[in-house]
Amino acid sequence: MNKLVIENLSRVFPGVRGGEPTRALEPTSLAVAENDFVTILGPSGCGKSTLLRLVAGLDTPTAGRILLDGRPVTGPGADRGMVFQSYTLFPWLTIADNIAFGLRERGVAPAERDKAVEEWLGRIGLKGFERHYPKQLSGGMQQRTAIARALANDPAILLLDEPFGALDNQTRALMQELLLGIWERTHKTILFVTHDIEEAIFLASRVLVMSARPGRIKADVAVDLPHPRHYTVKTSPEFSALKARLTEEIRAEAVLAAAEH
Amino acid sequence: MTPLAPVSNSARVLLGISFFVLFIALWALATLGGFVSKTFLADPLTMLADGWSLLTQHGFLTDIGVTIWRVVGGFVLAALVAVPLGILMGTFKPIEALLEPFVSFARYLPASAFIPLLILWAGIGEMQKLLVIFIGSVFQIILMVAVTVGSVRRDLVEAAVTLGARNRGIVLRVLIPSSAPAVAEILRLVLGWAWTYVIVAELIGSSSGIGHMIIDSQALLATGQMIFGIIVIGVIGLISDFLFKAANRRLFPWSLA
């Protein structure tokens, strides 16, 4: 069953000072199945973040529509959790209060909030940090909290916009394993934007490759690597084959994108 | 000295105090050394003696109390009006479009120039003093709070809406807490300005307060008393600054590195 359906969705940003309008996203159609982990892979400036922001309701499409569980998306809402590339934990709240933020906004009872916080602190390995403020934590810990904050709200779909983009390679790899572990347990429907080919394959059951501006989906690749996935899968022949294929796909786009700038 | 390199706490205190010492030493040298006439500038010792007699014989403590009351009263009134308005302006752009041009204009109206008018309207009583400080502070606070609230990180607001926050939640639980330390800093700054307004208000048509004592002393050429009055204002300012900073540290531990 399809969780998320995108129909002829496009976004054109008006030109600045009489300049050419920017076609960030060409009319795009897409269906994401329930429990699927879909990564959107593309060079920077290809409109993949625009697509995600449209799904989140943080931006309004020029044309087309988005259906979540059959209902049209008209604005942001708690049913679509989002994790951003920048660190967006609320600096004035402790880690525990950050995780509980969405629950509080939705009027969930304190006892239930505390239970959810407790549970998520354990899942992201941050027990003992509940009373810390975000700036006392490393970037990786902050992004783990951001994931917990989004998931504690139990959204219908989780959207991640290059959440590990600012992290170092080692931390990034650990974060991928953590997120994949969470997905393998919960099977939450996930849309994950990245420009990292390895990350896209390792996490996904399906990789969508986006073309350089104007953005559109140019390839839809199923990833049939078995679960639970261990990090060593990254060195397997199947992984390498996928990586080679996606590298070709993305390279052509990167070259195009580079020529444009 | 290396650019931007931090300085240890003890060195900071020592350096801060040493400049006060240097300043007083130069003042003592100029006056006690006979380089400046006593008529124009009292020496530090005379100043202290004059100050002592002011406090013990002329009820200067009452003047100090009255002035503090005026500053705090006018300032609190201004803050009560200005902070909510500033938050509204920073949050809702139509409100900002409505009020910002007028507030920007009103901000440049010198509070001291209102004194004759205010005397006409409110007499020479307490209300007039409070109004001078109110007018001097309110527009500044509105504008600065609006800018602070308006520049809250957009991605924090976006994160909040994807977590289900609505307008009320965004204002109460994102915009206000996020800008609270900066708003406290604005209040600290404007309180400092309020002190200059109160003295001006007391120089004209007043029968009490530090400013009134200073203008009285002028008639007697009592420069020692005048300087004592000015220094008292400085010391009170320093104390209120210190209290504000300490309160901010307690209230907003998250905003400190």
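1. Let me start with a helix on a sheet. Helix α5 of chain A (residues 169-186) lies across β3 (37-41), β7 and β8 of chain A, and its direction is at about 160° to that of β8(A). Bear in mind throughout that this is a predicted model.

2. The sheet under that helix deserves a look as a whole. It is an open one with six strands, in the order β6-β7-β8-β3-β9-β10 of chain A, and the pairing is mixed. At the edges you'll find β6 (80-83) and β10 (217-222) of chain A, each paired on one side only. Direction ignored, neighbouring strands are turned by 15° against each other on average.

3. Now for β7(A) and its partners. On one side, β6(A) and β7(A) run parallel and are joined by four bridges; M82(A) has L159(A) as its bridge partner in β7(A). On the other, β7(A) (residues 157-161) and β8(A) (residues 189-194) also run parallel, with five bridges between them. Within that pair, I157(A) is bridged to T189(A), and L159(A) stands opposite L191(A).

4. How much of β7(A) is buried? Five of its five residues are, so the strand is largely enclosed by the rest of the structure. The side chains alternate: I157(A), L159(A) and D161(A) point one way, L158(A) and L160(A) the other, and all are buried. Note that D161(A) is among them.

5. Back to α5(A) for one residue, R172(A), which sits in that helix. Is R172(A) buried or exposed? Its relative accessibility is 8%, so R172(A) counts as buried, the cut-off being under 20%. Leaving aside neighbours within four places in sequence, R172(A) is in contact with F164(A), G165(A), L167(A), D196(A) and E199(A); two acidic residues, D196(A) and E199(A), are on that list. The C-alpha atoms of R172(A) and G140(A) are separated by 7.7 Å, with their positions 32 residues apart along the chain.

6. On to the nonpolar packing. The largest core has 95 residues, and the members touching the most others are L4(A), F90(A), L191(A), I141(B) and I210(B). Helix α8 of chain B (residues 167-203) supplies the largest share, 17 residues. Apart from this core lies another, of 52 residues, including L126(A), A152(A), F192(A) and L246(A).

7. L191(A) is a good residue to click on. Beyond its neighbours within four places in sequence, L191(A) is in contact with L4(A), V32(A), V38(A), I40(A), L52(A), V55(A), L158(A), L159(A) and L160(A). Three of these contacts, L158(A), L159(A) and L160(A), belong to the β7(A) residues described above.

8. Chain A has a second open sheet, this one with four strands in the order β2-β1-β4-β5 and antiparallel pairing. Its edges are β2 (22-33) and β5 (71-72) of chain A; each has a single partner strand, so one side of each is left without a neighbour in the sheet. Strands β4(A) (residues 63-68) and β5(A) pair in the antiparallel sense over two bridges, and L67(A) has P72(A) as its bridge partner. Helix α1(A) (residues 48-56) packs on this sheet, touching β1 (2-13), β2 and β4 of chain A, and its direction makes about 120° with that of β1(A).

9. A few backbone spots to check by eye. The peptide bond from H227(A) to P228(A) is cis, with omega near -5°; P228(A) is in the loop between β10 and α7 (237-260) of chain A. N8(A), in strand β1 of chain A, has phi near 45°, a positive value in a residue other than glycine. At 49% relative accessibility, N8(A) counts as partly exposed. D154(A) also has a positive phi, of about 50°, without being a glycine. D154(A) lies in the loop between α4 (139-152) and β7 of chain A and is exposed, with a relative accessible area of 56%.

10. Finally, chain A overall. It comes to seven helices and 10 strands. A compact globule of 261 residues would have a radius of gyration near 18 Å, and chain A agrees at 18 Å. Along its principal axes the C-alpha trace spans about 50 × 45 × 35 Å. Of its 261 residues, 52% count as buried. Among contacts between residues at least 6 apart in sequence, 72% join residues at least 24 apart. Chain A exposes about 11500 Å², with carbon and sulfur atoms supplying 51%.

Definitions and conventions. Residues numbered from 1 in each chain as written. Chains lettered and ligands numbered in written order. Predicted model: local features only at pLDDT ≥ 70, side-chain atom pairs only at ≥ 80, totals over all residues. Heavy atoms only, no water. Core = buried A, V, L, I, M, F, W, Y, C linked by side-chain atoms within 4.5 Å. Buried < 20%, exposed > 50% of the residue type's maximum accessible area, 1.4 Å probe, protein only. Contact = heavy atoms within 4.5 Å. Pairing = 2+ DSSP bridges. Axes fitted to C-alpha atoms, helices over the stretch in contact; angles between N-to-C directions. Rg over C-alpha atoms; globule rule 2.2 N^0.38 Å. Areas by Shrake-Rupley, 256 points an atom, 1.4 Å probe, with all protein chains shown as cover.
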